[in-house]
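Here's a relaxed walk through a model of two protein chains and some DNA. Have a look at the picture, then read on.

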There are 2 protein chains.
Amino acid sequence: MTDESADRADALFHALADRTRRDILRRVLAGEHSVSTLAAKYDMSFTAVQKHVAVLEKAGLLTKRRNGREQLARGDVEAVRSVASMLSELERIWRGRIARVDVLIASNSDQED
Amino acid sequence: MTDESADRADALFHALADRTRRDILRRVLAGEHSVSTLAAKYDMSFTAVQKHVAVLEKAGLLTKRRNGREQLARGDVEAVRSVASMLSELERIWRGRIARVDVLIASNSDQED
DNA sequence: ACAACGCATAACCTATCGGTTGTATGTTTG
DNA sequence: CAAACATACAACCGATAGGTTATGCGTTGT
C-alpha cells in the first residue's frame, strides 16, 4: 500500500464520485463514443463533458483513441475491477473482525457484541 | 435509478475518495473505535478527523453509538457491498457490449449503433 | 468541586471542483 | 479554398473540500 497506490485509489473513487462521469463511463463501457457524441447527451457545454472524460482518463477508467478529427473513448473494465478488489479488501478486513469475535465467543462464552 | 440513488452513489464514492477516510473505514470495519482514538492515529487535528468520520457517517459507511463521553464508530459492511454492486452493474454493461460484438460477428452484418 | 477528557460547532483560510466563455488548431467536406 | 466540425486549452467564477483554531458543553476521575 504505497503512496502511489493511494493516489490511484483517490483518483479512481474521485472519478466515480460524480453522476455525469458514472453515466459517461456506462456508455463507454458499452461501446466506443466520440467526445462530441457524449457531449450531445448532457445539458452542459462540450468543454464540461471534455473535462469529465479527462478525469476518467487520468484515473484510467477509459482510454482515448484518435480517429481523424474525432477522439473515441472506450471504458477499461480492468480499472473497474481494480476498484472492486479494493472493496473486497475491506470485506476481508470486516470478516477478520468477525473471526476475532468468534474466537472470543469460543474461548470464553459470556460475551456479547 | 432515481435521483436519490445517484445522491447516495455520489456520497459513497466521495467518502471513499480520500485516503484518510479509507484508512478510518478499515479500522472501524475491524472493530469499534472512539473518534478520539481514531484521531490519535493521524497527523491532523481532532476536528479534521471528526469531519472525516462525519463524511463516512453521512454516506452510511459507518454508524456512531454513544457510550458515556465517547462516540464509538463501527463500519457498515452492507454499505461497502452496495458500492461493490454498483461496480458489478458496470461489469454487466461491459459484458453486454461484448455480447453485442459477438452477435455482430455471428450474423456477419455491417451496421452500427 | 474541579480539572481533564471527548465531542460538537462556528468561523476562517486556501485549494480544488464543476461549470462557463472565448480562442486557437487540426480535419473533413462541398 | 472555405465552411463546418471536433477537439484543445486558457481564463475565469461560485461552491465545496479539507484543513485550522477557538469556544462551549456534557462526562469522568480525583
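## The surface near DNA strand D

Helix 4 of chain B gives the most to the surface near DNA strand D, namely five residues. Helices and strands here are DSSP runs (H or I with at least four residues for helices, E with at least two for strands), numbered from the N terminus. Two or more residues also come from each of helix 3 (35–39), helix 4 and strand 3 (70–75) of chain A. This is a predicted model, where local features need pLDDT of at least 70, side-chain atom pairs count only at pLDDT 80 or more, and totals for chains, interfaces and linings use all residues. As for labels, residues are numbered from 1 along each chain as its sequence is written, while chains are lettered from A and ligands numbered from 1 in the order in which they are written.

Which residues come nearest to DNA strand D? Out of 20 around that strand, they are Ser36(A), Ser45(B), Thr47(B), Ala48(B) and Gly68(B). To count as near, a residue's C-beta atom, placed from the backbone, has to lie within 6 Å of the strand. Sorted by class, this surface has five nonpolar, 10 polar and five charged residues. Ala, Val, Leu, Ile, Met, Phe, Trp, Tyr, Cys and Pro count as nonpolar, Asp, Glu, Lys and Arg as charged, and the others, Gly among them, as polar.

## The surface near DNA strand C

Over at DNA strand C, helix 4 (46–58) of chain A gives the most, with five residues. Of the 20 residues around this strand, the nearest are Ser45(A), Ala48(A), Gly68(A), Arg69(A) and Ser36(B). The class split for the surface is four nonpolar, 11 polar and five charged.

## How the two chains match up

Turn chain B by 180°, shift it 0.0 Å along the axis, and it lies on chain A with an RMSD of 0.0 Å. That is the relation of a two-fold axis. Both copies use the same surface, as 96% of chain B's contact residues recur in chain A. The superposition is by least squares on the C-alpha atoms of residues with pLDDT of at least 70 in both copies.

Where they meet, 28 residues of chain B are in contact with 27 residues of chain A; contact asks for C-beta atoms, placed from the backbone, within 7 Å. On chain B's side, helix 5 (77–107) gives the most, 11 residues. That side has 16 nonpolar, four polar and eight charged residues.

## Strands and a hairpin

In chain B, three strands make an open antiparallel sheet in the order 1-3-2. Its edges are strand 1 (33–34) and strand 2 (62–67), each pairing on one side only. Pairing takes at least two bridges found by DSSP.

Chain A has six bridges between its antiparallel strand 2 (residues 62–67) and strand 3. Asn67(A) has Glu70(A) in strand 3 as its bridge partner. The hairpin of these strands has two residues between them, and Gly68(A) takes a positive phi near 65° there.

## How sure is the model?

Chain A has a mean pLDDT of 90, with 85% of its residues at 70 or more; pLDDT is the predictor's confidence in each residue, from 0 to 100. Where does pLDDT stay under 50 in chain A? Residues 108–113 do that, and the model has three contacts for them beyond four places in sequence. Where pLDDT is low, the predicted coordinates should not be read in detail.
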